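Let's take a walk through this model, strand by strand, and finish at the ligand. Keep the viewer open as you read.

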Amino acid sequence: MSVQSVVARHPAEDRYSAFARDVIEGLTARPKRLSPKYFYDETGSRLFEEITALPEYYPTRCELAILRQHASDMARLLPPQTALIEFGSGSSRKARLLLDSAPAIAAYVPVDISAEWLSEEAARLRHDYPRLAVLPVAADFTQPFGLPRSLAPLARAGFFPGSTIGNFEAHQASAFLRHAARILGEDAILIVGIDLVKDAKTLTAAYNDAAGVTAKFNLNLLARINRELGADFDLAGFCHQAFYNRERQRIEMHLASRVRQQVQVYGRMIEFRAGETIHTENSYKYTVESFGAMARGCGWTPVAAWTDADAYFSVQALRAAKQ
Ligand code: TRP
């Protein structure tokens, strides 16, 4: 299929061309890679919610326990009439724990790339919190985006749970922290979830669940490329791989080609060697100290850190320094 004919099918949809451009760029790079932000179509978002409930996947359980136990300590850091801005809100389940404990939160601004999820969740939140202003923003929060004007009179706090910042490279995480300091402003609080360095066995199991949901989630990226870009990936020809890279303190996720094969993607022929992988995501692990040090270099002062009983996960509060 030619590039023109695919573009012509979606004349008004710029995001398809950005998606197509990123996919072609990644699959023609060496080593091959795909951006994890494209995991989250409707199926991907649903599979991700399933991952968070898996027995091996400790981060969500630990983070929820920390939030349940310490939400009122977190709430005490927020001035009256605060807008809580969540980066990558998904189901907003964690934000609800803060909303329940922090009457200071007057507005909630969920920012998410998945527009369908966002509007459904916003409706549920308005129903459950009738006095809260719910102002969803459909945006890729890794790119600069605007906040609703109506937030001007409110103090601001950021919420970035799920160790999503761990999915960024160090330079991207730093850029995000600087960007967040700029849009939230002086004295703002940022509450951020950080997965901690631990034994390789626990880490590896979390990304290789016995039920195979993480594998499905990873492979869904190829299904999405087939569907939206007219590619012909044979999903049975690829397998999920996740392992801990100890030197770099990160989990790496890949899709490995089981055989030597060719795949047609958006008018290009992409060649795979047997065993060749597409690197789809990293999940960096920090210590409380190593994350705090990075935050200090990016306009933030660490003010508190809470962990679960096993010290598997941490929720850290930062305050924006004078710019
Ligand atoms: N940021 C979390 C983590 O790295 C959640 C997550 C993002 C995730 N992408 C994932 C979990 C892919 C499993 C598989 O753990």
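In which sense do strand 7 and strand 14 pair, and over how many bridges? They pair in the antiparallel sense, over 7 bridges. Before going further, some ground rules: this is a predicted model, where local features need pLDDT of at least 70, side-chain atom pairs count only at pLDDT 80 or more, and totals for chains, interfaces and linings use all residues. Residues are numbered from 1 along each chain as its sequence is written, and side-chain values use heavy atoms, with hydrogens and water left out. Helices (H or I, at least four residues) and strands (E, at least two) are DSSP runs, numbered from the N terminus, and two strands pair if DSSP finds at least two bridges between them.

Stay with strand 7 for a moment. It covers residues 189–195, and because 7 of its 7 residues are buried, the strand is largely enclosed by the rest of the structure. (Buried means under 20% relative accessible area, exposed over 50%, and partly exposed in between, with a 1.4 Å probe and protein chains only.) In a regular strand the side chains alternate between the two faces of the sheet. Here, Ile 189, Ile 191, Gly 193 and Asp 195 point one way, while Leu 190, Val 192 and Ile 194 point the other, and all are buried.

Strand 7 also pairs with strand 6 (residues 155–160), this time in the parallel sense and over 4 bridges. Look for Phe 159, which sits opposite Ile 191 of strand 7. To get from strand 6 to strand 7, the chain passes through helix 7 (residues 170–184), and this β-α-β crossover is right-handed; that is, with the strands pointing away from the viewer, the path from the first strand over the helix to the second runs clockwise.

Now over to strand 14. Its residue Ser 314 is the bridge partner of Ile 194, and Ser 314 also stands opposite Thr 307. That second pairing belongs to strand 13 (residues 300–307) and strand 14 (residues 313–320), which run antiparallel over 7 bridges. The two form a hairpin with 5 residues between them, and Ala 311 in the turn has a positive phi of about 55°. Gln 316 is in strand 14 too. Its relative accessibility is 2%, so Gln 316 counts as buried, and its side chain makes a polar contact (3.1 Å) with the side chain of Ser 314. A polar contact is a pair of N or O atoms within 3.5 Å; within protein, one must be able to donate a hydrogen and the other to accept it, and residues adjacent in sequence count only if both atoms are side-chain atoms.

There's an open sheet to find as well: 4 strands in the order 1-12-9-8, with mixed pairing. Its edges are strand 1 (32–33) and strand 8 (238–245), each pairing on one side only. Strand 9 (residues 250–257) and strand 12 pair antiparallel over 7 bridges, with Glu 252 opposite Asn 282.

Strand 12 (277–284) takes us to the ligand, since this strand and helix 9 (213–229) each supply at least two residues of the surrounding shell. The shell holds 13 residues, the closest being Tyr 57, Asn 167, Tyr 207, Glu 281 and Ser 283; a residue is near a molecule if one of its heavy atoms lies within 4 Å of it. A polar side-chain atom of Tyr 207 is 2.4 Å from a ligand oxygen atom, and a side-chain N or O atom of Ser 283 lies 2.5 Å from an oxygen atom of the ligand.
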